[in-house]
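Please look at the sequence and the model below, and then read on for an account of one helix, the core around it and the surroundings of a ligand.

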Amino acid sequence: MAKSLFVCQSCGAEHRKWAGQCPDCREWNTISEQVIETPMRVGKASKPMTTTAITDVAMHKTARRSTDIDELDRVLGGGLVPGSAILIGGSPGIGKSTILLQAAAKLSEQGSVLYITGEESTQQVRLRGERVKAMHPNLQLMAACELESMLATIDEQKSIVVIVDSIQTTVSKRLSSAPGTVSQVRDCASALIQNCKRHGHVLILVGHVTKDGALAGPRVLEHMVDAVLYFEGDRGHAHRILRAVKNRFGPSGEIGVFEMSDAGLIGIRDASRLFLSERAENTSGSVVLACMEGTRPMLVEVQALVAPTVYATPKRSSVGLDINRIAMLTAVLERRMGIPLSGHDVYVNVAGGMKINEPAADLAVLLAILSAYQDRALPHDMMVFGEVGLTGEIRPVGSPENRVREAINLGFTQILMPHENHVRVQEAKLAATLREQTLEPSFIPVKHLSGAAQMALT
Ligand code: TYD
Ligand code: MG
């Protein structure tokens with residue numbers, strides 16, 4: 001008799017019995033029955049294996065393959081590592097297929113690239129390819145959903161890069177469960193990854209993401225691959241951010257910025273200029289912040305709006321920043337600066353749709369709220385960064401030099417920053433190198449919120 005198991009499609013937890021709610025992740029209606037396909041074989045006791053000293057392990061030179069798309073290479077940590085498996089996640093329509101087709105065409109110059117599409121026909125892919133100028137005879141297309149035929153083709157083709165778009169449409173004949181279920185996704189991905197390790201090609205898997213930001217079902221996939229990249233951005237904005245959340249062969253947290261145009265995705269080197277392009281002059285509630293995305297400094301505008309509340313409890317709302325952090329910061333403003341915000345709603349927004357989860361944004365957020373409340377604007381050429389503690393003290397943050405350098409490159413002349421960071425910037429002799437520039441910036445080191453407010457809002 002075939003045994004069955006009940007697997008949660010959201011978190012992958014396995015249960016003996018069906019339940020309406022998964023006891024592990026508390027999601028409703030996610031548990032579905034699955035037949036155990038391969039019974040565990042209890043063989044003879046395994047033989048001991050030989051071990052190798054770390055110094056004797058053979059090293060293969062792993063030259064990275066450049067995708068010839070600078071922003072993509074940066075996120076990958078310099079290019080694709082042969083034999084590695086990469087997962088690209090993002091909501092439908094964000095541009096996963098587009099960027100991969102563009103990269104595939106460039107990679108075709110180095111050898112044969114296999115693009116397996118399970119969602120679109122080869123005609124549709126060609127149409128898109130013509131639009132984004134991704135045409136190359138070495139780029140082989142295949143419309144397939146079945147894992148076994150994919151593996152057979154990969155074995156025969158000897159491609160340098162294999163792209164599977166998407167893992168959720170891939171099904172294995174061996175399993176009876178529907179495409180997109182945890183067991184299908186996990187088994188297909190694992191077979192494709194093993195195959196890629198054996199042949200030494202680069203495997204790129206496309207994975208769709210559900211509303212709550214998790215890869216649909218297969219969070220398990222994140223652990224199986226070498227790198228996980230997520231596409232962020234919304235339909236209201238043309239730009240897209242590709243973020244490395246995991247990378248075994250490079251720094252994680254690195255981002256690439258792209259703009260969706262009618263000729264596909266275009267890398268944007270100068271992202272700060274893009275994010276500040278629509279900034280209005282002399283308006284209250286607007287502060288320019290230097291945040292770090294991986295190793296890359298980026299200037300963004302934090303906007304705040306403060307309005308008398310009509311509710312019993314005032315509203316705290318945020319786009320692009322953590323709402324709990326906003327609640328904490330408004331409490332700091334209220335208690336340490338005596339600003340009566342309990343009768344006001346506070347809205348905070350990061351212009352351009354960026355998401356920031358760095359405490360270095362604290363000071364900018366507080367000054368934006370204060371500036372909105374007092375209806376007084378900050379100087380137009382002022383840039384701010386710093387963490388704020390519960391007593392209103394300003395704490396130092398990482399990479400002050402990079403933040404300062406980016407601000408100066410964009411013509412900011414007043415830099416409000418934590419006192420200790422100022423000391424470090426001075427020690428780094430940054431000032432000396434900066435003096436060579438035509439603009440000499442003035443640094444405003446601050447120790448407490450009240451001092452910062454005085455300096456920024458005169
Ligand atoms: P796509 O790459 O198909 O998204 P995904 O594979 O992540 O689901 O992106 C499709 C969207 O991009 C679609 O809304 C149309 C838009 N687009 C452009 O604006 N310009 C282009 O050149 C292309 C190819 C797509
Ligand atoms: Mg697609």
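Helix α9 covers residues 362-374, and because each residue should add 1.5 Å, its 13 residues should span 18 Å, which agrees with the 18 Å between its end C-alpha atoms. Here the expected span is 1.5 Å times one less than the number of residues, and helices are DSSP runs (H or I, at least four residues) numbered from the N terminus. This is a predicted model, in which local features need pLDDT of at least 70 and side-chain atom pairs count only at pLDDT 80 or more, while totals for chains, interfaces and linings use all residues. Residues are numbered from 1 along each chain as its sequence is written, and side-chain values use heavy atoms, with hydrogens and water left out.

Of the 13 residues of α9, 11 are buried (under 20% relative accessible area, 1.4 Å probe, protein chains only), so the helix is largely enclosed by the rest of the structure. Among the buried residues are Asp362, Leu363 and Ser371.

The largest nonpolar core (buried Ala, Val, Leu, Ile, Met, Phe, Trp, Tyr and Cys residues joined through side-chain atoms within 4.5 Å) has 66 residues, and Leu363 and Leu416 have the most contacts inside it. Its largest share, 9 residues, comes from α9.

Turning to ligand 1, 16 residues surround it (a heavy atom within 4 Å), and Gly93 and Ser261 are among the closest. The table lists polar contacts (N or O atoms within 3.5 Å).

| Residue and atom | Distance to an oxygen atom of ligand 1 |
|---|---|
| Lys96, polar backbone atom | 2.8 Å |
| Ser97, polar side-chain atom | 2.6 Å |
| Arg128, polar side-chain atom | 2.9 Å |

Technical notes. Chains lettered and ligands numbered in written order. Helix = DSSP H or I, 4+ residues; strand = E, 2+ residues; numbered from the N terminus. Buried < 20%, exposed > 50% of the residue type's maximum accessible area, 1.4 Å probe, protein only. Polar contact = N/O pair within 3.5 Å; in protein donor to acceptor, adjacent residues only side chain to side chain.
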